[in-house]
Amino acid sequence: MSGKPVIVFDKVSLYVEGRRFLDRADLVVSEGESLVVAGAGGCGKSFVLRLVLGLPGMDRASVRVEGDVVVDGHSILAVPLPTLQRCRRNMGSVLSGGGLIENMDVRKNIALPLNYHYGNVMSAVEIEARCDAILGDMELEELALPGRRPVSLNRMERIYVALARALVNQPNILLIDEPTTGVSPAAGERLARFCFYYRPEFPSAPAAMEEMSGRPMTRIITTVDLEPYLDFGHRFALLINGKIEEIGDREAVLGSADPNVRELLSRSRNVASPGVD
């Protein structure tokens with residue numbers, strides 16, 4: 001980690017349809033850091049990720065934000081659209097449910113960021129090669145068959161495809177919402193390794209993409225269950241009562257006497273679920 005702040009929340013309050021989810025919340029995430037934000041279901045964890053992205057897909061008429069969200073030096077909620085688009089091409093995200101487009105096949109879903117941000121400088125062959133490379137690394141080559149649509153995928157496959165889409169443009173910021181919820185421990189560990197450690201490498205890239213290459217990846221992962229991430233996150237935080245409260249590293253989580261932390265830590269042991277392999 002470089003220590004350089006990449007994501008900063010400065011006294012951020014967030015209201016959605018009149019309900020307050022963040023209350024003058026502060027947060028600093030350094031370049032190369034993997035931060036895990038834990039909290040109970042419905043507390044607003046996914047909004048932390050959406051704020052970093054500039055609140056995509058949200059009706060601004062129903063949203064009120066106070067304070068400042070700074071991403072790579074930009075006040076992300078105040079920048080003009082062209083600047084916001086340039087910031088977003090440096091970010092990859094897997095939001096709740098994966099957000100796959102059902103009327104596009106898997107290949108087109110994965111290629112979507114490349115076609116949107118770099119379609120004028122990358123050939124169709126280069127884009128297809130990137131899709132093949134990532135699915136190959138994930139050992140999911142069979143999903144690359146033309147015409148294979150998201151409706152035919154199980155939960156794990158959908159998450160991997162969404163993750164492939166998030167990584168295909170080699171972002172330096174990765175945002176993932178509860179990736180291992182509802183999967184078996186073994187499958188969750190493999191998925192977590194991809195979320196925290198995997199970064200694809202490709203033989204060539206557009207000049208606009210190479211400008212951002214070489215920087216360590218910064219990650220924020222949200223969860224209702226701390227245990228699957230203990231061996232992966234650099235730092236852990238708790239979202240409660242609208243505040244993002246620092247917990248610390250793995251040892252701090254395990255040694256915490258906070259009942260909210262203990263509940264989130266033991267959740268996977270108390271919920272009987274066969275999971276998805």
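Helix axes are lines fitted to C-alpha atoms over the stretch in contact, and the angles between them run from 0 to 180 degrees between N-to-C directions. The structure described here is a predicted model.

## Packing of helix 5

Helix 5 and helix 6 pack with their axes 11 Å apart and at an angle of about 5°. Angles under 35 degrees count as roughly parallel, and helix 5 and helix 6 are therefore roughly parallel to each other. On the helix 5 side, Met156, Ile159, Tyr160 and Leu163 take part, and they meet Ala187, Arg190, Leu191, Phe194 and Cys195 of helix 6. Sorted by class, the contact of helix 5 with helix 6 comprises 8 nonpolar residues, no polar residues and 1 charged residue.

Helix 5 also packs against helix 3: the two axes come within 6 Å and cross at roughly 30°. That angle makes helix 3 roughly parallel to helix 5. The crossing of helix 3 past helix 5 is right-handed. Helix 3 contributes Val106, Asn109, Ile110, Leu112 and Pro113 to the contact, while helix 5 contributes Val161, Ala164 and Arg165. The residues of the contact of helix 3 with helix 5 comprise 6 nonpolar, 1 polar and 1 charged.

## Nonpolar cores

The largest nonpolar core holds 54 residues, and within it Leu163 and Leu226 touch the most other members. At least two residues of this core come from each of several elements, including the strands 3 (34-38), 7 (173-177) and 9 (235-240) and the helices 3 (106-118), 4 (124-137), 5 (155-167), 6 (185-197) and 9 (259-270). Helix 5 gives the most to this core, supplying 9 residues.

Leucine 163 is in contact with Val94, Met138, Leu174, Ile176, Leu191, Phe194 and Cys195, when its neighbours within four places in sequence are left aside. Among these partners, Leu191, Phe194 and Cys195 belong to the helix 6 side of the contact between helix 5 and helix 6.

Apart from the largest core lies another core of 37 residues, which includes Phe21, Leu51, Leu175 and Leu239.

## Individual buried positions

Methionine 91, isoleucine 221 and glycine 44 are considered next. The table gives a C-alpha separation for each.

| Residue | Partner | Separation in sequence | C-alpha distance |
|---|---|---|---|
| Methionine 91 | Glycine 242 | 151 residues | 25 Å |
| Isoleucine 221 | Proline 146 | 75 residues | 31 Å |
| Glycine 44 | Glycine 92 | 48 residues | 20 Å |

Methionine 91 is found in strand 6, which covers residues 91-94. The cut-off for a buried residue is under 20% relative accessible area, and methionine 91, with a value of 6%, is therefore buried. Not counting residues up to four places away in sequence, methionine 91 touches Val52, Leu53, Val71, Ile76, Asn169, Pro171, Ile173 and Leu175. Of these partners, Leu175 is one of the residues of the 37-residue core.

Isoleucine 221 lies in strand 8, residues 218-223, and counts as buried at 0% relative accessibility. With its neighbours within four places in sequence left aside, isoleucine 221 is in contact with Leu35, Val36, Val37, Ile176, Pro179, Phe196 and Tyr229. Ile176 is also among the contacts of leucine 163.

Glycine 44 sits in the loop between strand 3 and helix 1 (45-53). Glycine 44 has a relative accessible area of 7% and is buried. Not counting residues up to four places away in sequence, glycine 44 touches Phe21 and Leu239. Both Phe21 and Leu239 are among the members of the 37-residue core.

## Positive phi in loops

Most residues other than glycine have a negative phi. Aspartate 72, although not a glycine, has a positive phi of about 50°. Aspartate 72 is placed in the loop between strand 4 (63-71) and strand 5 (74-75). Its relative accessibility of 24% makes aspartate 72 partly exposed.

Asparagine 241 likewise has a positive phi, near 55°, in a residue other than glycine. Asparagine 241 lies in the loop between strand 9 and strand 10 (243-248). The relative accessible area of asparagine 241 is 68%, and asparagine 241 is exposed.

Definitions and conventions:
Residues are numbered from 1 along each chain as its sequence is written. This is a predicted model: local features need pLDDT of at least 70, side-chain atom pairs count only at pLDDT 80 or more; totals for chains, interfaces and linings use all residues. Side-chain values use heavy atoms; hydrogens and water are left out. A nonpolar core is a set of buried Ala, Val, Leu, Ile, Met, Phe, Trp, Tyr and Cys residues joined through side-chain atoms within 4.5 Å. Buried means under 20% relative accessible area, exposed over 50%, partly exposed in between (1.4 Å probe, protein chains only). Helices (H or I, at least four residues) and strands (E, at least two) are DSSP runs, numbered from the N terminus. Contact means heavy atoms within 4.5 Å. Angles under 35 degrees count as roughly parallel, over 145 as roughly antiparallel, 65 to 115 as roughly perpendicular and the rest as oblique. A crossing is left-handed if the near helix is turned anticlockwise from the far one by less than a right angle, and right-handed if clockwise. Ala, Val, Leu, Ile, Met, Phe, Trp, Tyr, Cys and Pro count as nonpolar, Asp, Glu, Lys and Arg as charged, and the others, Gly among them, as polar.
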